[in-house]
Amino acid sequence: MKKLTLFEQEIMSYVPASGCATAEPSPVASPAATRSTRAPAPQRRDFEAKLRAFYRKLESKGYGQGPGKLKLHIRREHLLEDAFRRIMSCSKKELQKGKLCVLWDGEEGLDYGGPSREFFFLLSRELFNPYYGLFEYSANDTYTVHVSPMSAFVDNHHEWFRFSGRVLGLALVHGYLLEAWFTRALYRALLRLPPALEDVDALDAQFAASLRWLQTARCVSSLELTFAVSERLADGRVLERELKPGGRDVPVTERNKKEYLERLVRWRVERGVAEQSEWLVRGFHEVVDPRLVGAFDARELELVIAGAPELDVADWRNNTEYRGGYHDAHPVITFFWQAIDRFTNEQRLRLVQFVTGTSSIPYEGFSALRGSTGPRRFCIERWGRIESLPRAHTCFNRLDLPPYPTLQLLHEKLLLAVEETNTFGIE
């Protein structure tokens, strides 16, 4: 395997260390236990330049600009059904050009960005949850997911995967991050790139190890392999699959071993899910022209769709502004950051979700947070009395924080607000 560049190491920090997975992951758990040092400036600048160019192209082609609106009226208790019905009723033009507006039933909040952010956050947690049978956890962890072979038994699964692709496309076009981490093979599929050997690790580590052994094995002819494999179907039957026409009569030699491995990798990655994946990719391309995302590789597309997996508190503090008399050295603000130091990463993610509408942070960090009118940093403003709970304005990434006199009181009130509050108000 080739040596990773520093930039690749940065992105590969998304992959959980073996043994770190838990049986019941938190809904907002990070897919990585640690985060490596950011890449050197040249690589980061190259990726950020791609991002800027991508969104400039979207804007120049009228993506998400209107004049019509893509209005989604959503009931919280019927989130998945309402989203499916509305998004699947839209034409390709509506999906690409419509200016997104999310309205939560029974709530007065206007959508200046916050309701839409929460919509994609909650929808992605539901849609890509293995509980519904469309996706399943990878073989390595319970953070990343991939298309489940058992999804073929889900009613109307073709349309549900097409819907999933449309959701990915809409989130990308409108700049919202998803609370979902996929195996790298799915990002490659979205880019119409062939699967790689590393993709097999997420499905079957033992099979991947045997392929790596075969890569370096000598005298492969003595193994008497052919371009055909035995595949066990869901009903228990065993079927011989040819990796190419007439493959059962084509022996594997040193000369064609590379082709054999490539075809074997594609078969293992696509086994039982090729049709479902194709519908997902089709839905994605109904929203985003594949030529526009072609500048990214699979690792970069993962960063654009899912954002950063773990919060950098120093970056958070350096990109926070204060109002109403608060400043970085104010006692209440000192208490706030001390409380953040006490929080687990999950609690920090919940707080960010409370204030911004999503627990994900853009690749560039907190400096790239967006509000209702473009870039808007995390903000803490003095408000209310000490008996009040903190409140949030997700459209403006602003936390209204009462002047609590002690660290203990601030810690308790902040946790209570984060865990109990779940609706939008009008400002």
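**Figure 1. Close-up of N397 in the loop between β12 and β13 of the predicted model.** N397 is buried, its relative accessible area being 0%. The phi angle of N397 is near 50°, a positive value in a residue other than glycine. Most residues other than glycine have a negative phi. The loop that holds N397 runs between β12 and β13, and C395 is found there as well.

**Figure 2. Close-up of C395, the position of an annotated active site.** The feature "active site" is placed at C395 by UniProt, in an unreviewed entry. C395 is located in the loop that links β12 (391-393) to β13 (398-401). With a relative accessibility of 8%, C395 falls under the 20% limit and therefore counts as buried.

**Figure 3. Close-up of three further cysteines, C90, C379 and C219.** C90 has a relative accessible area of 6% and is buried. C379 also counts as buried, at 2% relative accessibility. C219, by contrast, counts as exposed, at 56% relative accessibility. This exposed cysteine, C219, is placed in the loop between α9 and β6 (228-232). Its phi is near 55°, which is a positive value in a residue other than glycine. A disulfide is a covalent bond between the sulfur atoms of two cysteines. The structure holds zero disulfides.

**Figure 4. Close-up of the packing of helices α9 and α10.** Two packed helices are described by the angle between their axes and the distance between the axes. Helix α9 (residues 205-216) packs with helix α10 (residues 257-270) at an angle of about 170°, and their axes are 10 Å apart. This angle is over 145 degrees, so α9 and α10 are roughly antiparallel to each other. From α9, the residues F207, L211, L214, Q215 and T216 take part in the contact; from α10, the partners are K257, Y260, L261, L264, V265, W267 and R268. By type, the residues of the contact of α9 with α10 comprise eight nonpolar, two polar and two charged.

**Figure 5. Close-up of the packing of helices α15 and α16.** Helix α15 (residues 331-342) packs with helix α16 (residues 345-356) at an angle of about 130°, with the axes 8 Å apart. The two helices, α15 and α16, are therefore oblique to each other. On the α15 side the contact is made by F336, I340, D341 and R342, and on the α16 side by Q347, R348 and L351. The residues of this contact of α15 with α16 divide into three nonpolar, one polar and three charged.

**Figure 6. Close-up of W337 and Q338 in helix α15.** W337 counts as buried at 3% relative accessibility, whereas Q338 is partly exposed, with a relative accessible area of 34%. Leaving aside residues up to four places away in sequence, W337 touches V313, W316, R317, T320, Y322 and D328. Of these contacts, R317 is 20 residues from W337 along the chain, and the C-alpha atoms of W337 and R317 are separated by 8.0 Å. For Q338, the view includes H411, which is 73 residues away along the chain; the C-alpha atoms of Q338 and H411 are separated by 8.8 Å.

**Figure 7. Close-up of the cis peptide bond between G66 and P67.** G66 and P67 are joined by a cis peptide bond, for which omega is about 10°. Most peptide bonds are trans. P67 is found in the loop between α2 (41-60) and β1 (69-74).

Technical notes:
Residues are numbered from 1 along each chain as its sequence is written. This is a predicted model: local features need pLDDT of at least 70, side-chain atom pairs count only at pLDDT 80 or more; totals for chains, interfaces and linings use all residues. Side-chain values use heavy atoms; hydrogens and water are left out. Axes are lines fitted to C-alpha atoms, for helices over the stretch in contact, and angles run from 0 to 180 degrees between N-to-C directions. Helices (H or I, at least four residues) and strands (E, at least two) are DSSP runs, numbered from the N terminus. Angles under 35 degrees count as roughly parallel, over 145 as roughly antiparallel, 65 to 115 as roughly perpendicular and the rest as oblique. Contact means heavy atoms within 4.5 Å. Ala, Val, Leu, Ile, Met, Phe, Trp, Tyr, Cys and Pro count as nonpolar, Asp, Glu, Lys and Arg as charged, and the others, Gly among them, as polar. UniProt positions are given in the numbering used here, feature names are shortened, and annotations may be inferred rather than shown by experiment. Buried means under 20% relative accessible area, exposed over 50%, partly exposed in between (1.4 Å probe, protein chains only). A disulfide is a pair of cysteine sulfur atoms within 2.5 Å.
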